[in-house]
Amino acid sequence: MKQGEPVKSAKSRKPAKAAEAAKSGKPAKAVGAAKSVKPGKPESHLAMVRRARRINRELAEIYPYAHPELDFRNPFELLVATVLSAQTTDLRVNQTTPALFAAYPTPEDMAAAVPEELEELIRPTGFFRAKAKSLIGLSASIRDNFGGEVPGRLADLVTLPGVGRKTANVVLGNAFGVPGITVDTHFGRLVRRWKWTEQEDPEKVEAEIAAIFPKSEWTMLSHRVVFHGRRICHARRPACGACPIAPLCPSYGEGETDPEKARKLLKYEMGGQPGQRLSPPPDYPGRPAPAPGAG
């Protein structure tokens with residue numbers, strides 16, 4: 001794939017009609033955005049659930065390679081990386097953790113860290129003093145209360161310093177295979193934009209979305225929604241004219257509707273740019289992110 005050239009097709013599944021329309025350059029409106037979601041007409045709960053599940057199916061075709069965008073090799077590394085990801089980008093975390101895990105590969109090592117030395121290693125992620133305190137505290141708790149192994153239960157994970165439900169669900173879903181919904185800023189923004197919920201509190205959002213989808217879909221749903229939010233449905237200027245699920249979106253038109261202008265807003269592999277992981281999964285169609293100091 002040439003630099004600056006967007007991904008042409010999703011792997012392993014036949015693209016949805018909406019995705020084909022977006023990739024062909026046709027305006028999203030032309031493929032039925034105004035017909036599928038009728039403004040001004042109240043939508044029943046059942047209709048919303050059906051629409052939400054269809055969006056999930058469409059996203060599965062658009063992003064069959066959706067994955068957590070933090071580099072990790074084991075539950076401890078994912079837990080630490082997720083704590084570090086607060087108020088910064090996954091890319092910045094991924095560029096920071098190789099040196100961090102080389103210095104502190106286990107909870108026992110990190111629990112014994114000199115705070116100032118740990119702070120210096122994680123300084124690029126911001127809020128490094130508070131994060132260092134959380135990392136030393138959670139590592140000590142894992143060492144003292146869980147035999148040096150990251151626990152695989154939500155109730156145990158949230159007892160660790162600096163670990164809330166969002167972080168716990170990330171770890172459970174991606175390190176232990178336990179389904180969970182991760183309500184980060186992207187997820188919350190999109191599910192409200194799609195009118196799946198009106199809630200602002202993350203736990204209430206999680207509860208309402210969990211009621212819409214089978215438990216088996218929770219983890220991958222989280223990845224797909226976050227992928228879409230980072231690549232197409234941006235906070236300030238959504239690329240509506242290049243959005244494959246525009247026909248299903250009640251907020252179509254909040255962003256750029258001109259197809260050519262919208263395509264210029266696409267990010268990461270959709271816009272021919274590197275992703276956030278230095279070591280992405282084998283099926284990721286884009287380019288790895290640059291290591292610190294590269295390029």
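**Exercise 1.** In which helix is Ser 222 found, and does Ser 222 count as buried or exposed?

*Solution.* The model is predicted, and the search for Ser 222 in it leads to helix 13. The next step is accessibility: buried means under 20% relative accessible area, and because Ser 222 has a relative accessibility of 3%, Ser 222 counts as buried. Finally, if residues up to four places away in sequence are not counted, Ser 222 touches Gly 180, Ile 181, Thr 182 and Phe 187.

**Exercise 2.** Describe the largest nonpolar core, and state which helix gives the most to this core.

*Solution.* Begin with the residues: the largest nonpolar core has 43 of them, and those with the most contacts inside it are Tyr 63, Phe 187, Trp 194, Trp 196 and Ile 209. Then turn to the elements that give two or more residues to this core, which are helix 3 (45-62), helix 11 (185-193), helix 12 (202-210) and helix 13 (218-231). Helix 3 gives the most, with six residues. As a last step, take Tyr 63 and leave aside its neighbours within four places in sequence; Tyr 63 is then in contact with Arg 224, Phe 227, His 228, Arg 231, Ile 232, Glu 269 and Met 270. Apart from this core lies another, of 30 residues, including Val 93, Ala 132, Val 150 and Val 171.

**Exercise 3.** Work out how helix 4 is oriented relative to helix 8, and which residues make the contact.

*Solution.* Helix 4 (residues 75-84) and helix 8 (residues 128-145) pack at an angle of about 155°, and their axes are 10 Å apart. Since angles over 145 degrees count as roughly antiparallel, helix 4 is therefore roughly antiparallel to helix 8. The crossing of these two helices is right-handed. On the side of helix 4 the contact is made by Phe 76, Leu 79, Val 80, Val 83 and Leu 84, while helix 8 brings Lys 131, Ser 134, Leu 135, Leu 138, Ser 139 and Ile 142. Sorted by class, this contact has eight nonpolar, two polar and one charged residues.

**Exercise 4.** Carry out the corresponding analysis for helix 4 and helix 5.

*Solution.* Helix 4 packs with helix 5 (residues 90-103) at an angle of about 135°, with the axes 10 Å apart, which means that helix 4 is oblique to helix 5. Helix 4 passes helix 5 in a right-handed crossing. Helix 4 makes the contact through Glu 77, Val 80, Ala 81 and Leu 84, and helix 5 through Val 93, Thr 97, Leu 100 and Phe 101. By class, six nonpolar, one polar and one charged residues take part in this contact.

Definitions and conventions:
Residues numbered from 1 in each chain as written. Predicted model: local features only at pLDDT ≥ 70, side-chain atom pairs only at ≥ 80, totals over all residues. Heavy atoms only, no water. Axes fitted to C-alpha atoms, helices over the stretch in contact; angles between N-to-C directions. Helix = DSSP H or I, 4+ residues; strand = E, 2+ residues; numbered from the N terminus. Parallel < 35°, antiparallel > 145°, perpendicular 65-115°, else oblique. Left-handed = near helix turned anticlockwise from the far one by under 90°. Contact = heavy atoms within 4.5 Å. Nonpolar A, V, L, I, M, F, W, Y, C, P; charged D, E, K, R; others polar. Core = buried A, V, L, I, M, F, W, Y, C linked by side-chain atoms within 4.5 Å. Buried < 20%, exposed > 50% of the residue type's maximum accessible area, 1.4 Å probe, protein only.
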